[in-house]
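Biologist: Could you take one part of this protein and walk me through it slowly? I'd like a close look at a single spot, with the surroundings filled in as you go.

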Amino acid sequence: MSHENEADQSAELRAARTKSECAELLALAGNYQEVMPQLLELLKQYYEAEQVDFCECGEADHGKAGEYAGQAAGCFWVPVMFEGRQYGNLRVRTENSVNPDRSLLFDVAHVLAAEIWKKKLQDYLLHLSYHDQLTGIRNNTSYIRMMEHLLAHPVPVGVAFADLNGLKYLNDTYGHEYGDRALKHLAEVCREYFAENQLYRISGDEFVVICREVQETEFIRQAELLKKRLKQEERDLAAFGYLWDDGSTSADKLLHRAERLMYEEKRLHYQDSARRVQECPGYAEEFIQQCRRKRNH
């Protein structure tokens, strides 16, 4: 066997070994980001390069995004793509005068892209599991988990219940599109006073606020401001009840008391159950007109 053939075989074995090591790193990692330094170091050793980078799309210096591959003085790169979507580029900086074989870089880029796609899909599915798709705030599953945590580890906590007024009226009179818009609007108003991770939509028209380890004065101040906003500026958009406790009352009992306060306010608002179905809530007509103007624009 000639020295040239031996060199070719040695290069192929080296490339195969490096590819296998890179693939194994990515396959065994819980998150591709955890092993990126080791991955880039393997490629750096293989290409005898000064530097190897992974530049995500959107970063200022990411090569020529959209091209299949690229090269500049002392630098070459390949796209990290999966199913037509580019996530970035693998870039090698080297002063080696020998034209490098990019096949390994292409292979590693493909494996890396598949792992990035898988991670993004997992993150998306996890988000769906714990967030309400309509409003973007946390859902009933998140609420249950938080309650379990609070029951196991009591801390000072502020809780509140909000219930959208007139959802059935909006759905029956104008259609579910406008009921959904009202629910989204209520969530947006609540976000102005409490962090998104403190808000939960636990059923069709019921929202809960849970603020762990919050000072009483801070929570009461924000809750009062939100209640005033819902009552006055938003024209009875929702009934609202709230309480704070130092941790001596179990979270489920505290939430139940806040819920009762909310229903008492709702009872005073409607006076009797028939009004909930038959009468237009105060905010509805103006709200419907605003929604229609936005849609027409």
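Modeller: Here is a walk that starts from one residue, Leu 183, and works outwards.

Keep in mind that this is a predicted model. For orientation, the protein chain has 10 helices and 8 strands, and 42% of its 297 residues are buried. Among contacts with a separation of 6 or more, 69% are between residues 24 or more positions apart. The accessible surface of the chain is about 16,700 Å², with 47% of that belonging to carbon and sulfur atoms.

Now the spot itself. Leu 183 sits in helix 6, which covers residues 176-191. Its relative accessibility is 2%, and because buried means under 20%, Leu 183 counts as buried. What does Leu 183 touch, once residues up to four places away in sequence are left out? The list is Leu 134, Thr 135, Leu 164, Leu 167, Arg 201, Gly 204, Asp 205 and Phe 207. Take Asp 205 from that set: Leu 183 and Asp 205 are 22 residues apart in sequence, yet their C-alpha atoms are 7.0 Å apart in space.

Arg 201 is another name on that contact list, and it's worth following. Its side chain meets that of Asp 132 in a salt bridge, at 3.2 Å from N to O. This pair links distant parts of the chain, with the two positions 69 residues apart in numbering: Arg 201 belongs to strand 6 (residues 199-201), while Asp 132 is in the loop between helix 3 and helix 4 (140-152). Both Arg 201 and Asp 132 are buried.

Asp 132 points us back to helix 3, so let's look there next, because this helix allows a quick geometry check: at 1.5 Å a residue, its 28 residues should span 40 Å, and the end C-alpha atoms are 41 Å apart, which agrees. The buried residues of helix 3 are Leu 104, Leu 105, Val 108, Ala 109, Leu 112, Ala 113, Glu 115, Ile 116 and Lys 119. The spacing in that list has a simple background: an α-helix has 3.6 residues a turn, so residues three or four places apart point the same way. Two charged residues, Glu 115 and Lys 119, are in the buried set too. Trp 117 also lies in helix 3, which runs over residues 103-130, but Trp 117 is partly exposed, at 34% relative accessibility. Together with Leu 121, Tyr 124 and Leu 125, Trp 117 forms a nonpolar patch on the surface, and the four add up to about 380 Å² of accessible area.

Back to helix 6, whose last residue is at position 191. Arg 191 makes a salt bridge with Glu 196, where the closest N and O atoms are 2.9 Å apart. Unlike the buried Arg 201 and Asp 132, these partners are partly exposed: Arg 191 has a relative accessible area of 29%, and Glu 196 comes in at 39%. Another pair is Glu 213 with Arg 212, where the closest N and O atoms are 3.7 Å apart. Glu 213 is exposed at 55% relative accessibility, and Arg 212 is partly exposed at 31%. Shared partners also join Glu 192, Arg 229, Glu 233 and Glu 234 into one salt-bridge network. The count for the model is 17 salt bridges.

Aromatic rings add another layer, with 10 pairs in the count. Tyr 174 and Tyr 178 have ring centres 6.2 Å apart and planes at 65 degrees, so the pair is edge-to-face. Tyr 178 is buried at 4% relative accessibility, whereas Tyr 174 is partly exposed at 26%. Further along, the rings of Tyr 283 and Phe 287 have centres 6.1 Å apart and planes at 75 degrees, so that pair is edge-to-face as well. Both Tyr 283 and Phe 287 are buried.

One aromatic cluster brings together Phe 194, Phe 219, Phe 240 and Tyr 242. Phe 240 from that cluster is also in contact with Glu 265, as are Lys 227, Ala 238 and Ala 239, leaving aside neighbours of Glu 265 within four places in sequence. Glu 265 lies in helix 8 (residues 251-270), and at 15% relative accessibility it counts as buried.

Terms used
Residues numbered from 1 in each chain as written. Predicted model: local features only at pLDDT ≥ 70, side-chain atom pairs only at ≥ 80, totals over all residues. Heavy atoms only, no water. Helix = DSSP H or I, 4+ residues; strand = E, 2+ residues; numbered from the N terminus. Buried < 20%, exposed > 50% of the residue type's maximum accessible area, 1.4 Å probe, protein only. Contact = heavy atoms within 4.5 Å. Areas by Shrake-Rupley, 256 points an atom, 1.4 Å probe, with all protein chains shown as cover. Patch = residues over 30% accessible without salt bridge, like charges linked within 9 Å, V, L, I, M, F, W, Y side chains within 5 Å. Expected span 1.5 Å × (residues − 1). Phe/Tyr/Trp six-rings, centres within 6.5 Å; stacked < 30°, edge-to-face > 60°.
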